[in-house]
Amino acid sequence: MHLNDMPLVARWCAIASVTIAFVLNPLFAFDDVVCFTAYDVLVRGQLWRLASACAYVDGVFGCAIVVILAMRAIAVFETQHGSLRCVADGVLAVIAANVCALATSLVVTPFVPSALSPTAISGSGVVIAVAVIGTRQCRRAAMNVDVLLSDSVTISARKLPAVIALFFLVFGARFAEVAGWYLAGSAWAEGHLDKLVLSDEQLEALERGVCARVRRQQGYVGVRGAS
């Protein structure tokens with residue numbers, strides 16, 4: 001997919017990730033300001049990191065992953081559900097994942113003291129948002145829906161997030177971070193976050209109000225699917 005053909009939010013994610021990874025992080029240490037760690041939130045009281053992690057890009061490799069997800073996953077979600085829905089659900093996903101990661105860190109820190117280390121930084125916010133929303137979608141799937149992993153291997157859509165979480169843990173991912181996005185996505189699938197989700201009517205009001213100018217941007221997708 002060409003950059004100019006991408007819907008608005010997906011395009012912004014791709015452009016912003018490159019700008020952050022190659023300009024803001026090395027020149028202004030932007031990553032130190034926005035990244036999420038349980039230590040900074042609990043000990044230093046920096047609650048903004050629960051949300052500012054949306055703008056955290058975990059180095060060059062993290063940037064590449066964000067760009068790929070913007071092209072392959074975010075663009076599809078935005079086209080189906082609208083640009084404002086994409087942003088609103090994405091921000092909620094990151095905050096929920098970080099809250100769950102924070103709770104997990106408190107539970108496991110007696111056994112894993114490094115869970116509350118200042119260097120225990122969660123990954124790129126966009127990647128975590130995609131993981132949460134992907135988990136939500138899979139966990140809401142019907143029991144008979146399978147995902148094709150290869151020509152001969154299929155797995156239940158509902159079980160896929162657990163398999164992915166286990167895969168990340170085996171290859172060295174932080175337990176609190178993985179637990180954060182898995183628990184947040186599962187809780188959302190069960191409806192526990194629904195009260196925090198903006199309704200279509202609320203998003204449409206934003207489209208007519210403070211986001212009216214954004215609505216005219218190339219690639220914008222309306223709440224009801226009209227770009």
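This section describes the fold, the salt bridges and two selected residues of a predicted model.

The secondary structure of the chain consists of eleven helices and two strands. In sequence order the elements follow the pattern α-α-α-α-α-α-α-β-β-α-α-α-α. Along the principal axes, the C-alpha atoms occupy a box of roughly 50 × 50 × 35 Å. The radius of gyration of the chain is 18 Å, which agrees with the value near 17 Å for a compact globule of 227 residues. Of these 227 residues, 42% count as buried. Among contacts with a separation of 6 or more, 66% are between residues 24 or more positions apart.

The chain exposes a surface of about 12,200 Å², and carbon and sulfur atoms supply 65% of this area. Charged side chains number 17 positive and 16 negative. The centres of the two sets lie 4 Å apart.

The count of salt bridges comes to six. One of the pairs is formed by R85 and D200, whose closest N and O atoms are 2.8 Å apart. R85 belongs to helix α6 (residues 83-108) and D200 to helix α10 (residues 200-208), so this salt bridge ties together parts that are 115 residues apart in sequence. The two partners are covered as follows. R85 has a relative accessible area of 10% and is therefore buried, the limit for this class being under 20%. D200, with a relative accessible area of 27%, is partly exposed.

Helix α6 also contributes D89 to a salt bridge with R136 of helix α7 (residues 125-139), so that parts 47 residues apart in sequence are tied together. The N to O distance in this pair is 3.3 Å. Both R136 and D89 are buried. Through salt bridges that share partners, R85, D89, R136 and D200 are joined into one network.

A further salt bridge links D40 and R49, with the closest N and O atoms 3.6 Å apart. D40 and R49 are both buried.

Two residues were examined for their surroundings. L69 is located in helix α5 (residues 59-81). When residues up to four places away in sequence are not counted, L69 touches I74, V127 and V130. The C-alpha atom of L69 is separated by 30 Å from that of S114, a residue 45 positions away along the chain.

G219 lies in the segment after α11 (212-215). The relative accessibility of G219 is 28%, and the residue therefore counts as partly exposed, a class that lies between 20% and 50%. G219 and M6 are 213 residues apart in sequence, but their C-alpha atoms are 6.6 Å apart in space. M6 is also among the contacts of G219, which, leaving aside neighbours within four places in sequence, further include P7, L8, R11, E78 and S83.

Key. Residues numbered from 1 in each chain as written. Predicted model: local features only at pLDDT ≥ 70, side-chain atom pairs only at ≥ 80, totals over all residues. Heavy atoms only, no water. Salt bridge = Lys/Arg side-chain N within 4 Å of Asp/Glu carboxyl O. Buried < 20%, exposed > 50% of the residue type's maximum accessible area, 1.4 Å probe, protein only. Helix = DSSP H or I, 4+ residues; strand = E, 2+ residues; numbered from the N terminus. Rg over C-alpha atoms; globule rule 2.2 N^0.38 Å. Contact = heavy atoms within 4.5 Å. Areas by Shrake-Rupley, 256 points an atom, 1.4 Å probe, with all protein chains shown as cover. Lys, Arg positive; Asp, Glu negative; His and termini not counted. Charge placed at Lys NZ, Arg CZ, Asp CG, Glu CD.
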